[in-house]
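The following note is offered in reply to the request for comments on this structure. The points are numbered and may be read independently.

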Amino acid sequence: AAAEIERLTGNRPVHGLTADGQQCLRIGNIEVVATSFALWSDPSVYDHENGMVSINWGGQTVRLYLQPDGSWTAECLPDLLAGKARREA
């Protein structure tokens with residue numbers, strides 16, 4: 001997933017901790033703070049091909065939007081399926 005995030009955004013994601021010790025995922029100048037336990041290697045990435053990339057990680061769904069100047073903005077929402085059992089059909 002890290003290679004796909006880098007390919008889509010031009011920024012290699014870096015895992016780390018915030019100043020107060022919370023897990024975070026940094027993508028360029030965007031910092032995603034986990035709201036639930038997250039494995040460092042466990043983001044899910046979706047390319048919506050309309051200038052939006054979504055990443056599910058740490059109980060968050062982060063929507064990254066490509067701006068005309070090439071920068072990215074982020075919208076964070078709770079990942080409603082995080083930690084829930086899912087059945088494959």
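1. How many bridges join strand 1 to strand 2, and do these strands run parallel or antiparallel? The pair is joined by 4 bridges and runs antiparallel. Within this pairing, V14 stands opposite R26 of strand 2. The two strands form a hairpin with 5 residues between them, in which G21 takes a positive phi near 85°. It should be kept in mind that the model is predicted.

2. As to overall composition, the protein chain contains 1 helix and 7 strands. Read from the N terminus, the order of elements is α-β-β-β-β-β-β-β. The chain has 89 residues, of which buried residues make up 34%. Of the contacts between residues at least 6 apart in sequence, 23% join residues at least 24 apart.

3. The hairpin of point 1 belongs to an open sheet of 3 strands in the order 1-2-3, with antiparallel pairing. Strand 1 (14-17) and strand 3 are the edge strands, each pairing on one side only. From one strand to the next, the twist averages 30°. Strand 2 and strand 3 run antiparallel and are joined by 4 bridges; here L25 stands opposite V32 of strand 3. In general, strands of a sheet pair through backbone hydrogen bonds, in either a parallel or an antiparallel manner.

4. A further antiparallel pairing is that of strand 4 with strand 5, again through 4 bridges. D47 has V53 in strand 5 as its bridge partner. These two strands form a hairpin with 4 residues between them, and E49 in the turn has a positive phi of about 55°.

5. Helix 1 merits separate comment. Its residues I5, L8 and T9 are buried. Viewed down the helix axis, the buried residues fall within an arc of 80°, and they therefore line one face of helix 1. A3 and R7, on the other side of the helix, are exposed. The buried residues of helix 1 pack against strand 2, strand 4 (44-47), strand 5, strand 6 and strand 7 (72-78). After the helix comes G10, whose phi is positive, near 80°.

6. The largest nonpolar core comprises 15 residues, and those with the most contacts inside it are I27, V32, V45, V53, I55, W57 and L64. At least two core residues are supplied by each of helix 1 (2-9), strand 2 (23-27), strand 3 (30-33), strand 5 (52-57) and strand 6 (60-66). Strand 5 provides the largest share, 3 residues. Two of the residues already discussed as bridge partners, V32 and V53, are listed among those with the most contacts inside the core.

7. Which residues does I27 touch, leaving aside residues up to four places away in sequence? The contacts of I27 are with I5, T9, N11, P13, I55 and L64. Among these partners, I5 and T9 are buried residues of helix 1, while I55 and L64 are named with I27 among the core residues with the most contacts.

8. Finally, on the cysteines: the structure holds 0 disulfides. Is C24 buried or exposed? C24 counts as buried because its relative accessibility is 0%, a value under the 20% cut-off. C76, at 42% relative accessibility, counts as partly exposed, because that class lies between the 20% and 50% limits.

Conventions
Residues are numbered from 1 along each chain as its sequence is written. This is a predicted model: local features need pLDDT of at least 70, side-chain atom pairs count only at pLDDT 80 or more; totals for chains, interfaces and linings use all residues. Side-chain values use heavy atoms; hydrogens and water are left out. A disulfide is a pair of cysteine sulfur atoms within 2.5 Å. Buried means under 20% relative accessible area, exposed over 50%, partly exposed in between (1.4 Å probe, protein chains only). A nonpolar core is a set of buried Ala, Val, Leu, Ile, Met, Phe, Trp, Tyr and Cys residues joined through side-chain atoms within 4.5 Å. Contact means heavy atoms within 4.5 Å. The arc is that of the directions from the helix axis to the C-beta atoms. Two strands pair if DSSP finds at least two bridges between them. Axes are lines fitted to C-alpha atoms, for helices over the stretch in contact, and angles run from 0 to 180 degrees between N-to-C directions.
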